[in-house]
Amino acid sequence: MRHSRTALSAVLGLAVAAALGAVPATATAAQAPAPTAGYSSYQGSAQEAKNNKAFFDAVMKSVAEQRAANPGIQVVTVYYSTASAPSFRSQISQSTQIWNSSVSNVKLAERSSSPNFRYYEGNDSRGSYASTNGHGSGYIFLDYRQNQQYNSTRVTAHETGHVLGLPDHYSGPCSELMSGGGPGTSCQNAYPNAQERSRVNQLWANGLASALAAVK
């Protein structure tokens, strides 16, 4: 979920920040892996789409390996860690509740050891994004300034959508979660629409079966 530099100066200082919860205005970024995507505004880019796909593939592979090692597991669960994003624990929790109530073929849960992906926080001119560390591990970076401008739960739920396999679609309406910041700072929707929910269920029903076959 990227932000434009023109929008950045226009919305700084607005009272909307207060509605997003207490997010530090400045801080040093947690030691997240070096990102691989450049600034791309709301039009997206081929590199950004590639990073999102690599992120989903890394998470899917990680989950498949866990299930292959424990074939008796009945529910597909993707585990995450918030240890490196303490300021956003509330938003991450809300995002988790939103997705867990929206889809049936995969669930999100927090745990500290051996998560499938991690959240990080800090300052980055590119805004928030999902990526991989180049070694098969996925992570979500949450940018402080962007989360002060936009609905922070929407930002987090949007980025978490990449965990579940959804690409960006910045030209979409506010009712579409993966439109990200495209509809502007007034958009408060943090829920996926029917098409997005259906797509996630399909991906985890079919994609996980393929991933399991690949790791056996």
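1. A good place to start is Ser131, which counts as buried because its relative accessibility is 2%, under the 20% cut-off for that label. Ser131 belongs to strand E4, residues 129–132. Its C-alpha atom lies 5.3 Å from that of Asn51, although 80 residues separate the two along the chain. Please keep in mind throughout that this is a predicted model.

2. Next, the inside of the fold. The largest nonpolar core holds 32 residues, and Val78, Trp99, Phe117, Val163 and Trp204 have the most contacts inside it. Elements giving two or more residues to this core are the helices H3 (46–69), H4 (89–102), H6 (152–163) and H7 (194–215), along with strands E1 (77–84), E3 (117–122) and E5 (138–143). H3 provides the largest share, five residues. In soluble globular proteins, nonpolar side chains tend to be buried together.

3. Val78 is worth a closer look. Setting aside neighbours within four places in sequence, its contacts include Val59, Val63, Phe117, Val163 and Trp204. Lys107 and Asn116 are also among them.

4. Helix H4 is a nice one to view end-on. H4 has 14 residues and spans 20 Å from first C-alpha to last, close to the 20 Å expected at 1.5 Å a residue. Its buried residues are Gln91, Ile92, Ser95, Thr96, Ile98, Trp99 and Ser102. Seen down the axis, these buried residues fall within an arc of 165°, so they line one face of H4. Gln97 and Ser101, on the other side of H4, are exposed.

5. How many salt bridges does a search of the whole structure find? The count is three. In helix H3, Lys53 pairs with Asp57, with the closest N and O atoms 2.8 Å apart. Glu65 and Lys61 form another, at 2.4 Å from N to O. Lys53 and Asp57 are four residues apart in H3, so about one helical turn separates them, and the four-residue spacing of Glu65 and Lys61 in H3 likewise gives about one turn. Lys53 is partly exposed at 47% relative accessible area, as is Asp57 at 35%.

6. The remaining pair is Arg126 and Asp124, whose side chains meet in a salt bridge at 2.4 Å, N to O. Both of these residues are buried.

7. Finally, have a look at Arg154 in helix H6. Arg154 is buried yet has no salt bridge, and the nearest side chain of opposite charge, Glu196, is 7.4 Å away. Leaving out residues up to four places away in sequence, Arg154 touches several others, including Cys174, Glu176, Pro183, Cys187 and Asn189.

Note on methods
Residues are numbered from 1 along each chain as its sequence is written. This is a predicted model: local features need pLDDT of at least 70, side-chain atom pairs count only at pLDDT 80 or more; totals for chains, interfaces and linings use all residues. Side-chain values use heavy atoms; hydrogens and water are left out. A nonpolar core is a set of buried Ala, Val, Leu, Ile, Met, Phe, Trp, Tyr and Cys residues joined through side-chain atoms within 4.5 Å. Buried means under 20% relative accessible area, exposed over 50%, partly exposed in between (1.4 Å probe, protein chains only). Contact means heavy atoms within 4.5 Å. Lys and Arg count as positive and Asp and Glu as negative; His and the chain ends are not counted. A salt bridge is a side-chain nitrogen of Lys or Arg within 4 Å of a carboxyl oxygen of Asp or Glu. The expected span of a helix is 1.5 Å times one less than its number of residues. The arc is that of the directions from the helix axis to the C-beta atoms.
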